[in-house]
Amino acid sequence: MAPTAAQIDALLPQTQCTRCGYGGCRPYAEAMARGEVLHNRCPPGGTEVVAALARLLGRAPLPLDPACGSEAIDRVAWVDPEACIGCARCLPACPVDAIVGAQRHLHTVLQAACNGCELCLPACPVDCIHLRPRADGIAVPTAAANRTRFERQGARLQRESDARATALTQAKRAALPAP
Ligand code: SF4
Ligand code: SF4
Ligand code: SF4
């Protein structure tokens with residue numbers, strides 16, 4: 001039987017970097033399960049993940065597709081404190097909530113949570129986010145950790161959306177003339 005999207009997704013690094021050309025790991029896994037795309041498009045996973053995917057899918061091992069980028073080396077985002085203007089635009093760009101900060105205050109990156117996906121870099125209007133080597137003693141987040149943080153963020157965004165919808169409904173009701 002052909003592997004499911006969940007089985008394929010379980011082999012992916014879960015950085016959600018989109019370098020495969022899909023919106024995240026799960027959409028790429030789903031496309032592979034449908035047989036629409038090759039299994040060599042994940043630079044963060046590199047040769048090891050391509051080989052694991054080839055075994056699961058019963059396909060030939062392939063070199064990483066250079067169109068998706070080169071095999072990732074471990075680096076983390078760092079915010080230049082002299083240049084950050086506290087605009088908070090980097091916060092929604094991070095798929096694992098690894099950036100902390102509030103409007104008009106310096107933002108910083110939690111190295112233990114940052115997976116180096118680079119999605120925050122283009123979001124910064126003053127180009128003050130740079131990639132640097134991870135500090136000694138701070139481990140690279142595992143795929144499981146990336147997945148947990150990504151799913152937790154999804155749940156938080158859903159709660160916030162629900163709360164906004166409820167507040168809007170209540171405001172509309174309050175604005176109606178009394179019967
Ligand atoms: S980690 Fe790999 S599968 Fe996941 S979004 Fe990035 S390139 Fe795609
Ligand atoms: S801080 Fe930037 S590089 Fe690190 S995980 Fe978040 S978006 Fe990706
Ligand atoms: S997007 Fe750049 S300037 Fe704005 S808060 Fe983030 S790091 Fe600071």
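These legends accompany close-up views of a predicted model.

**Overview. The chain at a glance, with its 4 helices and 4 strands.**
Welcome to the whole chain before we zoom in. Following the sequence, the elements come in the order α-α-α-β-β-β-β-α. The C-alpha atoms occupy a box of roughly 70 × 50 × 30 Å along the principal axes. Of the 179 residues in the chain, 27% count as buried. Among contacts with a separation of 6 or more, 63% join residues that sit 24 or more positions apart.

**View 1. The surroundings of ligand 1, a shell of 16 residues.**
Here you can look for Cys 17, Arg 19, Cys 20, Cys 25 and Cys 42, which are the closest residues to ligand 1. By class, the shell of ligand 1 holds 10 nonpolar residues, 5 polar ones and 1 charged one.

**View 2. The surroundings of ligand 2, a shell of 14 residues.**
Nearest to ligand 2 are Ala 77 and four cysteines: Cys 94, Cys 114, Cys 117 and Cys 120. Sorted by class, the residues around ligand 2 comprise 11 nonpolar, 2 polar and 1 charged.

**View 3. The surroundings of ligand 3, a shell of 15 residues.**
In this close-up, the residues that come closest to ligand 3 are Cys 84, Cys 87, Cys 90, His 107 and Cys 124. The shell around ligand 3 is made up of 11 nonpolar, 3 polar and 1 charged residues.

**View 4. Helix α3, spanning residues 46–57.**
Let us now follow a single helix from end to end. Helix α3 has 12 residues, and the distance from its first C-alpha to its last is 17 Å, close to the 16 Å expected at 1.5 Å a residue. Just after α3 comes Gly 58, which has a positive phi, near 70°.

**View 5. The two sides of α3, with Val 49, Val 50 and Leu 53 buried.**
Start with the buried residues of the helix: Val 49, Val 50 and Leu 53. Viewed down the axis of α3, these buried residues fall within an arc of 100°, so they line one face of the helix. Their packing partner is α1 (5–9). Turn to the other side of α3 and you will find Glu 48 and Arg 55, both exposed.

Technical notes
Residues numbered from 1 in each chain as written. Chains lettered and ligands numbered in written order. Predicted model: local features only at pLDDT ≥ 70, side-chain atom pairs only at ≥ 80, totals over all residues. Near = placed C-beta within 6 Å. Nonpolar A, V, L, I, M, F, W, Y, C, P; charged D, E, K, R; others polar. Expected span 1.5 Å × (residues − 1). Buried ≥ 20, exposed ≤ 12 C-beta atoms within 10 Å, placed from the backbone. Arc of directions from axis to C-beta. Contact = placed C-beta atoms within 7 Å.
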